[in-house]
Amino acid sequence: VYTGGVIVPILITLSIMVVTFVVERALSLRKAQGRGSLATFLKNVHRSLATADIDAAVAACDQQRGSMANIIKAGLERYQNITRDSKNLEPEKQMAGVQGAIEEATALEMPILEKNLIAMSTIASIATMFGLLGTVIGMIRAFRALAAQGGAPDAIQLSIGISEALINTALGLFAAIVGIVAYNFFVNKVDNFTYMIDEASYDVVQTLTTRAK
């Protein structure tokens, strides 16, 4: 920190933040998938719906937990409420209510899946700028030392300036590289997970629609 200059504490803070966000996102997305295999969970749900056992499907959601289970459970519970309280309601309106419940649950789960991604992207962008700023300050110090000695530079002051520039460059690049790679990785993972949620929700609605008819 001493040889790197005043920008180094900022770069260290950004590096710690981006690593923290990476760990937080990894744990959160793992938790969002639920306790067991998603493929096994979806098979159990479809098997229960095929036998018209809605309670078993809800129980499977309670056991699995996670974002996908919460969304499917919201749709199934809305279906149970509609069929119990409005038995004479047209199937199209019943499915509209189920679809609405699924969309509401999805809207609640998406911020959890996308949390801190914008912060990670921002850090990746500004870390490079702060690293460049520290590099420029270090080079200014180096050339100032060179000019002050009238052509016979002080090797110590010159090396301090160059060292400061390189330290800032290294820290800025580290935070930026980690942030960019992690951001792209987690965005891709969230997109794939969202696609799976949409597909699973669509299959549940189609199965319930067939049963309602």
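The legends below describe close-up views of a predicted model.

The model is predicted: local features require pLDDT of at least 70 and side-chain atom pairs count only at pLDDT 80 or more, whereas totals for chains, interfaces and linings use all residues. Residues are numbered from 1 along each chain as its sequence is written, and side-chain values use heavy atoms, with hydrogens and water left out.

**View 1. Helix 2 (residues 38–50) and its buried face**. Helices are DSSP runs (H or I, at least four residues), numbered from the N terminus. The 13 residues of helix 2 should span 18 Å at 1.5 Å a residue, and its end C-alpha atoms are indeed 18 Å apart; the expected span is 1.5 Å times one less than the number of residues. Leu38, Phe41, Leu42, Val45, Ser48 and Leu49 are the buried residues of this helix (buried: under 20% relative accessible area; exposed: over 50%; partly exposed: in between; 1.4 Å probe, protein chains only). Seen down the axis of helix 2, these buried residues fall within an arc of 125°, so they line one face; the arc is that of the directions from the helix axis to the C-beta atoms. An α-helix has 3.6 residues a turn, so residues three or four places apart point the same way. The face turned away from the buried side of helix 2 carries the exposed residues Lys43, Arg47 and Ala50.

**View 2. The two ends of helix 2**. At the N-terminal end, Ser37 acts as a cap, with a side-chain oxygen 3.4 Å from the backbone nitrogen of Ala39. Helix 2 is followed by Ala52, which lies in the loop between helix 2 and helix 3 (54–64). Phi of Ala52 is near 60°, a positive value in a residue other than glycine. Ala52 counts as partly exposed because its relative accessibility is 35%.

**View 3. The surroundings of Ser48 in helix 2**. With a relative accessibility of 12%, Ser48 counts as buried. Neighbours within four places in sequence aside, Ser48 is in contact with Asp53, Ala56 and Ala57 (contact: heavy atoms within 4.5 Å).

**View 4. The crossing of helix 1 (residues 8–32) and helix 5 (residues 91–114)**. The axes of the two helices come within 9 Å and cross at roughly 145°; axes are lines fitted to C-alpha atoms over the stretch in contact, and angles run from 0 to 180 degrees between N-to-C directions. Helix 1 contributes Arg25, Leu29 and Ala32 to the contact, and helix 5 contributes Ile112, Leu113 and Glu114.

**View 5. Asn116 in the loop between helix 5 and helix 6 (117–148)**. Phi of Asn116 is positive, near 70°, in a residue other than glycine. Asn116 has a relative accessibility of 21% and therefore counts as partly exposed.

**View 6. Glu164 and Thr194 in helix 7 (residues 155–212)**. Glu164 is buried, with a relative accessible area of 2%. The side chains of Glu164 and Arg141 are joined by a polar contact of 3.0 Å (a pair of N or O atoms within 3.5 Å; within protein, one must be able to donate a hydrogen and the other to accept it, and residues adjacent in sequence count only if both atoms are side-chain atoms). Thr194 counts as buried at 17% relative accessibility. Thr194 and Met110 are 84 residues apart in sequence, while their C-alpha atoms are 8.2 Å apart in space.
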